[in-house]
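Please open the model in your viewer and keep the selection tool at hand. The stops below go from charged pairs to enclosed and open spaces, and end with an annotated region.

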Amino acid sequence: MLYHSTNNPDHRVDLKEAILRSLPPDNGLYMPDTLPTLGEEFWKGWRDLSFREIGHAVAGAFFGEDVPEDALREIVDGTLEFDAPVVSLTPDDHILELFHGPTLAFKDFGARFMARLMAWLTRDEDRQLTVLVATSGDTGGAVASAFHNVPGTRVFILYPKGKVSGLQEKQLTTLGGNIAALEIDGTFDDCQRLVKSAFLDRELSERLNLTSANSINLSRLVPQSFYYIHSARQIDRTPAFVIPSGNFGNLTAGLLARQLGLPVERFVAATNINDVVPRYLESGDYQPLPSEATISNAMDVGAPSNFARMQALFGSSWEEMCDTIDGLAFSDEETRAAIREVKETLGYTIDPHGAVGWLAAKAWRTAHPDTPTITLETAHPSKFLDVMEEELGKGSVEIPERLAVLADREKVATSMSADEAEFKDWLNGQ
Ligand SMILES: *Cc1c(COP(=O)(O)O)cnc(C)c1O
């Protein structure tokens, strides 16, 4: 399979280059030349397949030409060492819990798959691979966990100072070994810009053998489409998916699942006040903006990096995107009220990101009362303990052991401004 840039269909590369280089030199994003579908045979029996069997089929559809079947199975099975259960709050209101992995957020799926695929792609090389990643909260922890102690790799994580939760920061800054954290005096968009600048610097990028672990990397998206199929098979009617979104990788993965043949009634993009995509769907006008801090911080993105892929999937047609995706945005105040409402009326503890999704699902079902919704619950509530305890009271959220142990570990991070020259200087010294 060949991959092309969203900016130039004639710029084509193979799988290894698309995954390891992550970003085409023209600043577009890689897309498969032909979007795979799963055949009739698969869709005849899909409701009876296990999570892993779905993973094997989807990964095979994307990567089967380039990676032998047994290697791909191992990559999928190593990724899916935990489940993604569906919790039904009412017969129409379903929650897909994506936080049962090691770092308690859905990013574990993408990061674990990517680390394993990269290790396979570089199995015969002795050059060290340097993974660069910008994080607004959860990506860094998932990538750090997925690559920790993987031989031949090191990871530099850029995160915005003061804008990630205390425990999220501990997930990035306490592993040591081949993982280093850079605390950037700026926003997530600054971190993302710095990462991009390093990639676009050909010489630096070659010398350090740089690769990106952000959702611009296609290998993170493919495993995220597994759970769309896995959850939909458990619901008796065709659902709408509601996706709390920031960089729109998760939503793009849903679009890939639909492309594979999954019946989906609708995708609902749920955002906080960083609402460039809902606004675009409303007006047809795409206006990236500086991001604003909210209590659903992993969605504080003003220039969503996967938007180019979404456009590519709809032939750049606003009308076609509107036929498939609705957008809804909510304030912090509404989100806080939703956290209380879900607890009080449904007995479920939902994190601020999931709460944005739940609000969108509720509003959407009011207009479409016959369609069940599956809302992606993207992180465990204990990752956002301050907000949860403000709304539900002290001790209201149980902290899983694997997160609790981090509280006492010492943070180690390098502080840096958001200046490109300073960042590149530092990189050059590594
Ligand atoms: C990353 C993240 C999101 C946003 O996902 P995108 O794929 O960037 O849209 C939402 N919620 C949580 C908890 C996250 O970590």
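Which residues are linked with Arg-336 in a network of salt bridges? Select Arg-336, Arg-340, Glu-390 and Glu-391, since these residues form that network, where a salt bridge is a side-chain nitrogen of Lys or Arg within 4 Å of a carboxyl oxygen of Asp or Glu.

Before going further, please note that this is a predicted model in which local features need pLDDT of at least 70 and side-chain atom pairs count only at pLDDT 80 or more, while totals for chains, interfaces and linings use all residues. Residues are numbered from 1 along each chain as its sequence is written, and side-chain values use heavy atoms, with hydrogens and water left out.

**Salt bridges**

Stay with the network and show the side chains of Glu-391 and Arg-336, which meet in a salt bridge of 2.7 Å, N to O. Because Glu-391 lies in helix H17 (residues 385–392) and Arg-336 in helix H15 (residues 332–346), the pair ties together parts that are 55 residues apart in sequence; helices (H or I, at least four residues) and strands (E, at least two) are DSSP runs, numbered from the N terminus. Glu-391 counts as buried at 15% relative accessibility, whereas Arg-336 is partly exposed, with a relative accessible area of 21%; buried means under 20% relative accessible area, exposed over 50%, and partly exposed in between, with a 1.4 Å probe and protein chains only.

Next, select Arg-266 and Asp-326, a salt bridge in which the closest N and O atoms are 2.8 Å apart. This pair links distant parts of the chain, with Arg-266 in strand S11 (residues 266–271) and Asp-326 in strand S12 (residues 325–329), 60 residues apart. Arg-266 counts as buried, at 15% relative accessibility.

Then move to Arg-52 and Asp-77, whose side chains meet in a salt bridge of 3.9 Å, N to O. Here too the pair links distant parts of the chain, since Arg-52 is in helix H3 (residues 51–63) and Asp-77 in helix H4 (residues 69–79), 25 residues apart. Arg-52 is partly exposed, with a relative accessible area of 35%, and Asp-77 is also partly exposed, at 23%. The structure holds 24 salt bridges.

**The cavity**

How many cavities of 30 Å³ or more does a search of the whole structure find? The search finds 1; on a 1 Å grid over the protein atoms alone, a cavity is a set of points where a 1.4 Å probe fits but cannot get out, a pocket is an open set with protein on both sides within 12 Å along at least five of seven lines, and lining residues have an atom within 4 Å of a point. About 270 Å³ of space lies in this cavity, a volume being the space filled by probe spheres set on grid points that are joined across faces, edges and corners.

To find the cavity, select Phe-106, Lys-107, Gly-246, Asn-247 and Ala-298, which lie nearest its centre among the 27 residues of the lining. Helix H6 (138–147), helix H10 (218–232), strand S10 (240–244) and helix H11 (249–260) are the elements that give two or more residues to the lining, and H10 gives the most, with 3 residues. By class, the lining has 11 nonpolar, 13 polar and 3 charged residues; Ala, Val, Leu, Ile, Met, Phe, Trp, Tyr, Cys and Pro count as nonpolar, Asp, Glu, Lys and Arg as charged, and the others, Gly among them, as polar.

While H10 is selected, check its surroundings: 15 of its 15 residues are buried.

**The pockets**

Now select Lys-163, Val-164, Ser-165, Thr-294 and Asn-297, the closest to the centre of the largest pocket among the 24 residues that line it. This pocket has a volume of about 450 Å³. Helix H7 (166–173) and H17 each supply at least two residues of its lining, and H17 gives the most, with 3 residues.

For the second largest pocket, of about 360 Å³, select Lys-196, Ile-216, Ala-303, Pro-304 and Ser-305, which lie nearest its centre among 19 lining residues. The largest share of this lining, 5 residues, comes from H8.

**The annotated region**

Finally, colour residues 3–77, where UniProt, in an unreviewed entry, places the feature "domain: Threonine synthase N-terminal"; UniProt positions are given in the numbering used here, feature names are shortened, and annotations may be inferred rather than shown by experiment. Over residues 3–77 the chain is 47% helix and 16% strand, and the end C-alpha atoms are 25 Å apart.
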